[in-house]
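Subject: Structure handover

Hello,

Please find the structure below, followed by notes on what was found in it. The notes cover one strand with its neighbours, then the ligand site.

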Amino acid sequence: MSEIATASPADAEKFDANDWSSVRRQFSLTPEYAHFSAFMLASHPAPVRAAVAHVEQVLDERPQDYGLGMHDLRHGALARQALTTYTGGTADQIALTDSATMGLGLLYGGFELHEGDEVLTTEHEFYSTRESIRLRARRDKISVRTVRLYDDPATVSADAMIGKLVEAIGPRTKLIALTWVHSSTGVKLPLREICDAVEVVNMPRSDNDRVLVAVDGVHGFAVEDAIVADLHCDFFVTSTHKWLFGPRGTGFVWAQPDTWRRVRPIVPSFSKSALVREMAGKIPAGPPGELNSPGGYHSYSARWAVPAAVEFHSGIGLPRIAEYTKAQATQLKAGLAELPHVRVATPADPALSSGIVCCSIDGVSAEEAAERLLREHGISAGATPYRDSLLRIGPSMVTTPEEVDRAVRAIAALR
Ligand SMILES: Cc1ncc(COP(=O)(O)O)c(C=O)c1O
């Protein structure tokens, strides 16, 4: 099979990674509206579309040749290797999943906890973290404590959030479950500082007693100019079908090498070493990334196209993408802050926010605002799926500063 990872942009000779309009032309997004919710479920840029189509074709032509385990191991290894561009470390640290939710379920379901151990989490988690932990707690006699890191997201401070979290760590706390960028408010946690503060708490603790930090990183991954290993967390879970604009139905769990041993796989791995050992009557074992990747046949056209997505994204450059997104988010927040009937929930400080911008509008619910923005103004935004729903607008590499101004004018007209 030809190398799936080397599929190039459709109009490769014309593609200019330094020109944002050229980047946008790689997507088939409808010009009917401005795409401020593109980060939720990726549109595939041309090289990803080409890679997906190529895998579909070869599997349709020769399913027996390519649908068997060795090909998934090989292309799975290429996907893992490509992802190390943004995780740092080695491919062995990465377990492939189909979504962030699958990764969170595997991690919180499989992390080694004993009766009386505590998971510390926050009020700001998305459903997938909350529910993964609830399902685990229902099975085993562990306790779950939930801390509120802020009351008003617009005025959060890094020190206050770190202080509240560290204060809440108890003698039986074994795992802290956090989300890097809150999809409810757009608040970005000072993750590295939090992990370093937890490390101080860990100093007098034995290795097995250390408090580990697990992070749902979906709204920071591939949009914050950061490499996962530099965040100092123990586990990092994300999908690659959001800000990476990777294939829909892909994601991964990353862990420090020595912390993977604290997770028990839940779904049987199809790794070669696991299968060989099992057939020899032994307990499956092997490199942690492979051992913790759920086995079975997968949506291979998505998984094997991950390297094409990393190549496209890193060809534009993570620092440039982060800067372009952040500049638009700052412009959007500044524009919205001028509107008397709008309250911006997301911090203005780029150190405490990322690409997501959330706000409320006097007298207009978030659902109504999103619906009217699309219908009356050709602006695609969303309503956050949380109890106190806010309007959520996400600039990204597929939006422009002009569209940001248009979004502000459209929101000004909503009353
Ligand atoms: C914070 C957060 N985590 C996880 C998810 C779910 O990601 P996935 O679709 O990859 O499971 C979402 C929203 O889709 C989210 O906002």
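Which residue of β6 does T179 stand opposite? The partner of T179 is D216. Please keep in mind that this is a predicted model.

The strand β5 covers residues 173-179, and seven of its seven residues are buried. β5 pairs with two strands described here. With strand β3 (residues 118-122) the pairing is parallel and runs over four bridges; within it, L120 has I176 of β5 as its bridge partner. With strand β6 (residues 212-216) the pairing is also parallel, over five bridges. The connection from β5 to β6 involves helix α8 (residues 191-202), and β5, α8 and β6 form a right-handed β-α-β unit.

D216 comes up again at the ligand. The ligand is surrounded by 13 residues, and D216 is among the closest, together with A100, T101, S183 and S239. By type, this shell consists of four nonpolar, seven polar and two charged residues.

Three side chains place a polar atom by an oxygen atom of the ligand:

- S239, at 2.8 Å
- H219, at 2.9 Å
- H241, at 2.9 Å

The ligand on its own exposes 400 Å², of which the protein buries 89%.

To recap, D216 pairs with T179 across β5 and β6, and D216 is also one of the residues closest to the ligand.

Regards

Key. Residues numbered from 1 in each chain as written. Predicted model: local features only at pLDDT ≥ 70, side-chain atom pairs only at ≥ 80, totals over all residues. Heavy atoms only, no water. Buried < 20%, exposed > 50% of the residue type's maximum accessible area, 1.4 Å probe, protein only. Pairing = 2+ DSSP bridges. Right-handed = clockwise from strand over helix to strand, strands pointing away. Near = heavy atom within 4 Å. Polar contact = N/O pair within 3.5 Å; in protein donor to acceptor, adjacent residues only side chain to side chain. Areas by Shrake-Rupley, 256 points an atom, 1.4 Å probe, with all protein chains shown as cover. Nonpolar A, V, L, I, M, F, W, Y, C, P; charged D, E, K, R; others polar.
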